[in-house]
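Biologist: Shall we walk through this one together? I'll ask, you explain.

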Amino acid sequence: MCSCSTYKLANTVWYNVTPVELYGEKCNVVTSLYFWDGKTVNINTSLIQDSIMLSPAVLTASGTYESSGNLKKGVNIKLNVTNTENQQETYHGLIKSQGMVLVSPDSIAKAYNKISNVSLIPSKK
C-alpha cells in the first residue's frame with residue numbers, strides 16, 4: 001500500500017508566458033489555468049507588451065479536469081474543455097515538482113508554473 005497522497009489541484013492557479021509578435025511588435029501571451037473545486041477548470045488568455053496589458057484576461061475555454069498520481073512519480077492531468085467557438089478540446093499533461101507540461105489538441109507542449117502565493121476561494125452561493 002502506498003502512503004503517497006494524490007496531488008490536489010483544486011483552488012490553484014497556473015500560468016504560461018509565450019513570446020509572440022503582433023504587427024511587428026514583441027508581446028507575450030499569458031495563459032492562466034484556474035483549477036476549482038468540483039474538478040472544473042477555466043482557461044484565461046491575455047496579451048501583454050512590456051508592462052502594458054493590451055488585452056485583459058478573457059475566458060477562452062472552460063470544462064473539467066482529471067488528475068491522478070503524486071509529485072514524486074508525476075501527476076497525470078487531463079483537461080476536457082469547450083472553447084469560445086463551442087468546440088470540444090482535450091489537453092494532456094504531467095505535473096512534477098518543477099511545474100506542469102500541458103499538450104494542447106494541436107500537439108503544442110507548454111510549460112506552466114504554479115502561482116505559489118495565490119489560492120482561489122470558491123464563491124458562496
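Modeller: Let's start with a term: a residue is called exposed when its relative accessible area is over 50%, and buried when that value is under 20%. Keep in mind that this is a predicted model.

Biologist: Fine. Is Tyr 23 buried or exposed?

Modeller: Tyr 23 sits in the loop between strand 1 and strand 2 (25-35). Its relative accessibility is 79%, and the cut-off for that class is over 50%, so Tyr 23 counts as exposed.

Biologist: Which residues make the nonpolar surface patch of about 450 Å²?

Modeller: Tyr 23, the exposed loop residue we just placed, is one of them. The full set is Leu 22, Tyr 23, Ile 52 and Leu 54.

Biologist: Let's do the overall fold. What pattern does the protein chain follow along the sequence?

Modeller: The protein chain has zero helices and eight strands. Read in order, that gives β-β-β-β-β-β-β-β.

Biologist: And what is the radius of gyration of the protein chain?

Modeller: The C-alpha atoms fill a box of roughly 55 × 35 × 30 Å along the principal axes. For 125 residues, a compact globule would come out near 14 Å, and the protein chain agrees with that, at 15 Å.

Biologist: What share of the 125 residues is buried?

Modeller: To be counted here, a residue needs a relative accessible area under 20%. In the protein chain, the share of buried residues is 31%.

Biologist: Now Thr 12. Which backbone oxygen lies 2.6 Å from a polar atom of its side chain?

Modeller: Thr 12 is in strand 1, and at 7% relative accessibility it counts as buried. Leaving out residues up to four places away in sequence, Thr 12 touches Leu 33, Tyr 34, Phe 35, Lys 114 and Leu 120. The oxygen you want belongs to a residue before Thr 12 in the chain: the backbone oxygen of Leu 9.

Biologist: What is phi of Asn 11 near?

Modeller: Most residues other than glycine have a negative phi. Asn 11 is in the segment before strand 1 (12-22) and is buried, at 14% relative accessibility. Its phi is positive, near 65 degrees.

Biologist: Last one: where is Asn 86?

Modeller: Asn 86 also has a positive phi, near 65 degrees. With a relative accessible area of 64%, Asn 86 is exposed, whereas Asn 11 is buried. As for its place, Asn 86 is in the loop between strand 5 (74-83) and strand 6 (88-96).

Technical notes: Residues numbered from 1 in each chain as written. Predicted model: local features only at pLDDT ≥ 70, side-chain atom pairs only at ≥ 80, totals over all residues. Heavy atoms only, no water. Helix = DSSP H or I, 4+ residues; strand = E, 2+ residues; numbered from the N terminus. Buried < 20%, exposed > 50% of the residue type's maximum accessible area, 1.4 Å probe, protein only. Patch = residues over 30% accessible without salt bridge, like charges linked within 9 Å, V, L, I, M, F, W, Y side chains within 5 Å. Areas by Shrake-Rupley, 256 points an atom, 1.4 Å probe, with all protein chains shown as cover. Salt bridge = Lys/Arg side-chain N within 4 Å of Asp/Glu carboxyl O. Polar contact = N/O pair within 3.5 Å; in protein donor to acceptor, adjacent residues only side chain to side chain. Contact = heavy atoms within 4.5 Å. Rg over C-alpha atoms; globule rule 2.2 N^0.38 Å.
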